[in-house]
Amino acid sequence: MNPSVSKVTADGSEIYERVARLHGLAVAATDDGHPGLAARRLRQGLALLRWETGAPPETGDPERAALLARLLTSLAHAEAEQGHSARGTELLDEAQRWAPPAELAIVQGQRGLMYLRTGRTAEALELLDLAVPRLARGVELARVLLNRSVIHLMTGKVGLARADARRSAELARAQGHEVIEAKAQHNDGYCDLLLGDIPTALAVFGEVERAYRRVNPGFLPVLALDQARALLAAGLADEAGRTLDGALDGFRKQRLMQDYAEAELARAQAALHAGRFAEARAWARRAENRFRRRRSPAWALRAELMRLRADLAGPARPGSRGAPDQIARPGAVARKAGDLAARCAELGLRDESEMAALLATRALVAAGNFAEAEALWSRAEPVVARPGSGDAPLEVRLGSGSRAAPLEVRLMRRLAEAELASARGLRGQALRRVRSGLALIHAHRGRLGSLDMQTGVTALGSDLAAAGLAAALANGSARLVFEWSERCRAQAFRFPPIRPQHDEPTAEALAELRHLAQQLHAGEAAARRDPEIRRRCLELERLIRERGWQLPGARESLAPASTGVVEAELAAAGLALVSLLNVRGRLLALVLGAGRCRLLELGAYAPLAEAVQRLTGDLNARAGRNLRPNLAAVIDASLRRQLATIADGLLTPLLPSLAEAHGIVVVPTMALSAIPWGTLPGLVGKPVVAAPSAQVWAAAQRARLSSVADGEPPLLVAGPNLTAVEPEIEQIAALYPKAQQLTGSAATVAATLEALDGASIAHLAAHGHHERENVLFSRLILSDGPLMAHDVQRLRTAPRHVVLSACDIGRLVVRPGDELLGFTAALLYMGTPTVVSSVAKVPDETAIAVMAAYHRQLALGLSPAAALAAASASVGESSSTFVCFGAG
């Protein structure tokens, strides 16, 4: 007998018990995401058993052999998780030598997991399929089923994945193994994500997060990675990026290098979706290098694919300039993408292979090589050869139309088809393919109840929308361009509002947030800052947003309004509509009115956007108290310059087309949404309404005209700590003797919301704050805390006319597709036809004068837009920053 065995057995069973305890602790550490700690404990166990690498297996002590096999099997996994895949394979080979027949299935299962983690899914599935029927022990079978469910998830077999995950959860529950049960529930939630049900997936992830915090906190970064993937599927790239940053920090501390690299790859996708192409390339390259060091060829190809997607989307050099759709060296991208498609096919990565082939097609079109692009697309049995090489072609699935493909592949398919059709001069076909792709986005949006996500998901179709607009422009018909511009902007307004959850956790979070925000506001007023309160407020805002993300959507939506319907509403009101578009850095205007639709090119977008930004800064600076005369003069001079720049670039070409209109409806784009229209030379005194889209304006106009004042008294609300509020409310109340007034301590959030519900006209005068980073928490300060944009979504019936006399509460965050978020936008989404608010800070004396004059004009019977124009003109040019939103 081997002397080392004699020494072990001489100490009796005590050593085996110690080794078994160490193994149990190591497994727990691995389950909790700490492979380094697990490896140390496993090596301690091996040392107690006096194991030597390469020593021949002994048959005289089966208990020792079984213990060694378990230790080596677990150590193999711990080493592989830390990036030592080769060492993990060697240890598994050792474990297989020592394992008794009854333990071989466990070794097989562990080898399958190692293959799974390195992307060798076919080999992994074969091993796990062999292991499942050979395992009788509940926990071990639950582990193997859990891992097999991951393979099914990776290969898109959601039904099989869900069956394995739920069976694993049942076995774990029966054995009292809460960690495996939570992980199985995690996989079940990922099934919902793959099926496109993001709200349900996030709801399940929320339950799993609570379980992990209790029994398995080390796995929270893994959950955060999947939560970020869900956010990416909803178009919330920046939020996903912040979530991934936290996950990366956790993976680095725990030395989970496969997960770290996967998070880097997801970070690349977040940067790509946000339009930061150089950043996307850098993240993808880092992930690719890490996967190659781990010998994970499939994952390395996924990272390479992400890098090529960034190459196709934007310039290759960081900081390089050019048109937004410029592609650097498209021929090279086509060759690389074709080669990548072939290599992905060789590894059985069907969706990745198709995505690479689609990239090759698009790059060939961009390179002007239409014949090769068409040949690539039109083969009866699609085949991709490596462009420019003499290699034999390799079959790749392309353009199959399979509904099982991920949404991003189906969208890329529609985009490639549209670009190829446009290159062949088939504009009608191109528009049909874009329409089909946008319908996929629209259906996806219909499953989301959160306004945050409904507006975010539009980003997924940005390239499709641009392709559709380009095809419409090439057609030369202004009406067709107008129809396509409406199809591509502010689409979240087509869905009925979903009231956010107000369950106990949400209610408690809102109450705490309101209390802390009030403390924060008081501290800032006294020039005191409390970073801890601010940190806690951000945590609560995140919690409330997450609860909102779990809302299911309405699915049903309004049909797009026809051009004829919009024209009829404009003619009835004597208005003209100007819809602005930013197309590849050029600003275009569509003018609709008097039975005509005209398309005008106004010039470069960037200088106007910069002037608007400077104008906002000047207006905010001028609203400050006690400005020195020389500083005030400098600000006023800059303000006049910016107004002149905007007027010259925007209005001068348009005014001849607008001369006969009694008023104007403006549909702005991107940064131009911040323009205070009534201050522009040429528009002072002219009624102007700003709307997210022509369809939103037409719907709001019909709603405004159908809700004629019925004698219901107006609502007047005054917030605290504003010396100018009382005189403002007093002047307005004199016009409405029966008005309901909420002032002082009576102006609470609850009382205001109750009175606001269905109000005919509501005037709220209070401190306001536009929260750009978390826009649904933009707020008005009332006596017991903030009334937030999030609260407005809880109204049962939208108020018909709301006036927000508060600083910059009319500011908007504009997402891709001109989707809007903000306090004013929240009211418009709820169905309020008319909202009057300021897009910049406004001096108290100006607010009092404009608001009093506004209500006097309303009392005389003027429409909201006409009343605001007259009121603003009465206080002087460039003084009023109030805008009439919606309809007027």
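# Exercises on a predicted model

Gln269 touches Leu232, Met306 and Glu408, residues up to four places away in sequence being left out. The model in which these contacts are found is predicted.

## Exercise 1: The surroundings of Gln269

Task: In which helix is Gln269 found, and is Gln269 buried or exposed?

Solution.
1. Locate the residue: Gln269 belongs to helix α14, residues 257-273.
2. Consider the accessibility: the relative accessible area of Gln269 is 17%.
3. Apply the cut-off: buried means under 20% relative accessible area.
4. Gln269 is therefore buried, and Leu232, Met306 and Glu408 are in contact with Gln269.

## Exercise 2: Helix α10 and its two partners

Task: Determine how helix α10 is oriented relative to α9 and relative to α8.

Solution.
1. Begin with α9 (residues 158-175) and α10 (residues 178-194): the two helices pack at an angle of about 160 degrees, and their axes are 8 Å apart.
2. Angles over 145 degrees count as roughly antiparallel. α9 and α10 are therefore roughly antiparallel to each other.
3. The handedness of the α9 and α10 crossing is left-handed.
4. Turn to the contact residues. On the α9 side they include Val158, Ala161, Ala165 and Arg173, and on the α10 side Ile180, Glu181, Asp188 and Asp192 are among them. The contact of α9 with α10 comprises nine nonpolar, two polar and six charged residues.
5. Next take helix α8 (residues 138-154): the axes of α8 and α10 come within 10 Å, crossing at roughly 20 degrees.
6. Angles under 35 degrees count as roughly parallel. It follows that α8 and α10 are therefore roughly parallel to each other.
7. The crossing of α8 with α10 is left-handed. From α8 the contact is made by Val139, Ala142, Arg143, Leu146, Ser149, Val150 and Leu153, and from α10 by Ile180, Lys183, Ala184, Asn187, Tyr190, Cys191 and Leu194.
8. By class, ten nonpolar, two polar and two charged residues make up the contact of α8 with α10.

## Exercise 3: Strand β18 within the sheet

Task: Which strands does β18 pair with, and in which direction does each pair run?

Solution.
1. Write out the order of the sheet: eleven strands form an open sheet, β5-β4-β3-β6-β7-β18-β17-β14-β10-β8-β9, with mixed pairing.
2. Identify the edges: β5 (596-604) and β9 (740-742) are the edge strands, each pairing on one side only.
3. Consider the twist: on average, neighbouring strands of this sheet are turned by 20 degrees against each other, direction ignored.
4. On one side of β18, strand β7 (residues 688-690) is joined to β18 by two bridges and the two run parallel. Val689 stands opposite Cys884 in this strand.
5. On the other side, strand β17 (residues 834-838) is joined to β18 by five bridges and the two run antiparallel. Here Ser837 has Val883 of β18 as its bridge partner.
6. Finally, examine the cover: strand β18 (residues 882-886) has five of its five residues buried.
7. A further parallel pair lies elsewhere in the order: five bridges join strand β3 (residues 575-583) to strand β6 (residues 663-667). In that pair, Leu575 stands opposite Gly663 of β6.

## Exercise 4: Helix α24 and Ser485

Task: Which strands does α24 touch, and which residues are in contact with Ser485?

Solution.
1. Start from the helix: α24 packs on the sheet and touches β3, β4 (586-593) and β5, its direction making about 75 degrees with that of β5.
2. Place the residue: Ser485 lies in α24, residues 478-487.
3. With a relative accessible area of 3%, Ser485 is buried.
4. List the contacts: apart from neighbours within four places in sequence, Ser485 meets Leu469, Ser579, Leu581 and Leu590.
5. Compare sequence with space: Ser485 and Leu581 are 96 residues apart in sequence, and 7.8 Å separates them from C-alpha to C-alpha.

## Exercise 5: Two alanines with positive phi

Task: Where is Ala490 placed, where is Ala594 placed, and is each buried or exposed?

Solution.
1. Ala490 has a phi near 50 degrees, a positive value in a residue other than glycine.
2. Ala490 is placed in the loop between α24 and α25 (504-525), and at 3% relative accessibility Ala490 counts as buried.
3. Ala594, likewise not a glycine, has a positive phi of about 55 degrees.
4. Ala594 is placed in the loop between β4 and β5. Its relative accessibility is 76%, so Ala594 counts as exposed.

Conventions: Residues numbered from 1 in each chain as written. Predicted model: local features only at pLDDT ≥ 70, side-chain atom pairs only at ≥ 80, totals over all residues. Heavy atoms only, no water. Axes fitted to C-alpha atoms, helices over the stretch in contact; angles between N-to-C directions. Helix = DSSP H or I, 4+ residues; strand = E, 2+ residues; numbered from the N terminus. Parallel < 35°, antiparallel > 145°, perpendicular 65-115°, else oblique. Left-handed = near helix turned anticlockwise from the far one by under 90°. Contact = heavy atoms within 4.5 Å. Nonpolar A, V, L, I, M, F, W, Y, C, P; charged D, E, K, R; others polar. Buried < 20%, exposed > 50% of the residue type's maximum accessible area, 1.4 Å probe, protein only. Pairing = 2+ DSSP bridges.
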